[in-house]
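Q: Could you take me through the enclosed spaces inside this protein, and what surrounds them? I'd like a close look at the cavities in particular.

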Amino acid sequence: MSVSAFDLFKIGIGPSSSHTVGPMWAARRWLDRLAARSVKGQVAHVSARLYGSLALTGKGHATDKAVILGLAGLRPDTLDPDDAEDLYGFIRDKGELQLDRQQRVPFREGQELLFLMREKLPHHPNGMRFSAFDKDGLLLDEADYYSVGGGFVVSAEDAAGEAPVLSNARAPYEFRSGAELLAIAERENLSIAQIVLANEETWRSRTEVREGLLAIRQAMFDSIERGCRMDGILPGGLKVRRRAKQLHTELLKRPEQALRDPLTTLDWVNLYALAVNEENAAGGRVVTAPTNGAAGVIPAVLAYYERFVHGASETGVVDFLATAAALGALYKQNASISAAEMGCQGEVGVACSMAAGALCAVLGGSPAQVENAAEIAMEHNLGLTCDPIGGLVQIPCIERNTMGAVKAINAARLALRGDGTHFVSLDSVIETMRQTGVDMSEKYKETALGGLAVNVTLC
């Protein structure tokens with residue numbers, strides 16, 4: 001298992017893990033490369049060029065902001081969104097930045113920052129190239145990076161797209177397929193969560209693993225709570241109004257409604273997902289789960305477990321996230337979690353599958369039932385396109401997370417009604433998703449060149 005739970009669940013800022021979090025980390029990696037090559041002090045001028053999907057939807061996804069802040073030395077997991085907004089505005093107004101908070105260099109869109117919409121780098125649609133020059137204009141360093149989904153970044157040298165390996169230590173239960181995962185569970189008489197937690201302890205102590213997953217849970221719930229407090233218009237020009245605060249107020253006004261309408265529970269699930277993805281669209285702090293565009297599905301289903309399931313516990317939360325991580329790793333290793341490669345089936349579809357399996361597990365499902373729940377969820381997300389209006393992670397992305405969360409709950413409940421025996425395996429549906437993504441037209445893969453993006457008139 002080369003993909004850790006802490007690779008899949010990363011704290012960052014919105015609106016996109018592939019277009020915001022990844023490019024910011026890429027800029028950070030490039031600064032570290034300059035330092036390692038002892039040329040950072042000689043840099044007088046830099047350029048950043050964005051290719052493919054990063055160029056086509058980069059402005060709507062705040063890729064320009066991410067690159068600028070990354071070059072200025074900020075990290076997506078530690079920056080304060082409000083402070084970052086102020087710094088970004090200052091840099092844009094002044095036309096220069098402090099490279100890694102050190103020497104000043106010019107940085108202006110159209111000159112040092114270029115959106116090359118008709119060009120691509122060879123290995124992935126989300127490519128970027130950073131270049132550094134000395135005072136005489138001589139090239140000091142140039143490097144290509146790819147943001148391959150979920151905040152993962154690979155260099156040109158590692159462009160096969162493999163997930164980072166945490167150490168050379170071999171985990172006790174390596175698996176690369178659902179079949180292998182189920183075989184380990186049966187042979188060792190372990191749950192999927194126990195397998196993942198044992199593997200995580202290869203790289204971290206048991207306490208660190210548990211505390212780390214609970215910190216991820218807290219970051220998810222913080223984004224729900226903040227999303228329920230905030231109102232106003234989301235940035236970007238579509239004038240999309242936040243809805244979570246009003247929905248939250250209405251639900252609190254009529255608590256007795258749940259006695260008459262059992263489906264009120266789904267209103268709360270919708271609220272949780274809306275709140276997270278409105279925060280994401282506003283550039284707030286969220287958790288990639290496994291991406292920012294799909295950040296609301298898993299928190300919404302986890303909140304459903306904690307707040308509506310009798311007997312929910314902290315141990316259940318840890319097991320939920322560990323199980324979800326196992327399923328996310330299978331998609332990451334065998335297909336992709338990037339909408340630029342797979343369409344939205346690779347983001348909301350994968351999040352729905354992860355959440356369904358995780359919920360099934362903490363509701364008492366066997367490993368076979370967990371695998372069945374994950375398969376059901378993805379089977380009914382196959383072909384889901386990514387066609388954001390205006391290149392913004394707002395329409396249809398925010399509501400799509402509510403649909404993914406509700407579908408995950410239903411998939412888990414359906415799987416629990418069976419014994420785990422089913423016709424289509426999770427491995428088969430993952431491979432089908434991959435093939436569907438390869439065949440899908442590029443205009444439906446986070447380029448804003450097709451679908452809703454071109455059939456809805458912007459006024």
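A: Happy to. A cavity here is a set of grid points where a 1.4 Å probe fits but cannot get out, and its lining residues have an atom within 4 Å of a point. Please keep in mind that this is a predicted model.

Let's start with the smaller space. The second largest cavity has a volume of about 40 Å³. Its lining is made up of G178, L181, L182, I192, L327, L330, P367, E371 and L426. Two or more of these residues come from each of helix 6 (178-188), helix 13 (314-334) and helix 16 (367-379). Helix 6 provides the largest share, three residues. By class, the lining of this second largest cavity has seven nonpolar residues, one polar and one charged.

Now for the other one. Searching the whole structure turns up two cavities of 30 Å³ or more, and the largest has a volume of about 130 Å³. Around the largest cavity there are 17 lining residues, and those nearest its centre are G293, E347, C386, V393 and E446. Helix 2 (17-36) and helix 17 (397-416) each contribute at least two residues to that lining. The lining of the largest cavity divides into eight nonpolar, five polar and four charged residues.

It also helps to see the packing in the rest of the protein. The largest nonpolar core contains 104 residues, and F9, M220, I298, F320, L321, Y331 and L359 have the most contacts inside it. Helix 13 is the main contributor to this core, giving 12 residues; you met helix 13 above, in the lining of the second largest cavity. For a close-up, try L359: leaving aside residues up to four places away in sequence, L359 touches V301, Y304, Y305, F320, I409 and A412. There is also a second, separate core of 37 residues, with L31, I68, L79 and L97 among them.

Finally, the overall setting. The protein chain has 19 helices and nine strands, and 58% of its 459 residues are buried. Its C-alpha trace spans about 70 × 50 × 40 Å along the principal axes. A compact globule with 459 residues would have a radius of gyration near 23 Å, so the 22 Å of the protein chain agrees with that expectation. Of the contacts between residues at least 6 apart in sequence, 76% join residues at least 24 apart.

Conventions:
Residues are numbered from 1 along each chain as its sequence is written. This is a predicted model: local features need pLDDT of at least 70, side-chain atom pairs count only at pLDDT 80 or more; totals for chains, interfaces and linings use all residues. Side-chain values use heavy atoms; hydrogens and water are left out. On a 1 Å grid over the protein atoms alone, a cavity is a set of points where a 1.4 Å probe fits but cannot get out, and a pocket is an open set with protein on both sides within 12 Å along at least five of seven lines; lining residues have an atom within 4 Å of a point. Grid points are joined across faces, edges and corners, and a volume is the space filled by probe spheres set on the points. Helices (H or I, at least four residues) and strands (E, at least two) are DSSP runs, numbered from the N terminus. Ala, Val, Leu, Ile, Met, Phe, Trp, Tyr, Cys and Pro count as nonpolar, Asp, Glu, Lys and Arg as charged, and the others, Gly among them, as polar. A nonpolar core is a set of buried Ala, Val, Leu, Ile, Met, Phe, Trp, Tyr and Cys residues joined through side-chain atoms within 4.5 Å. Buried means under 20% relative accessible area, exposed over 50%, partly exposed in between (1.4 Å probe, protein chains only). Contact means heavy atoms within 4.5 Å. The radius of gyration is taken over C-alpha atoms; the globule rule is 2.2 Å times the number of residues to the power 0.38.
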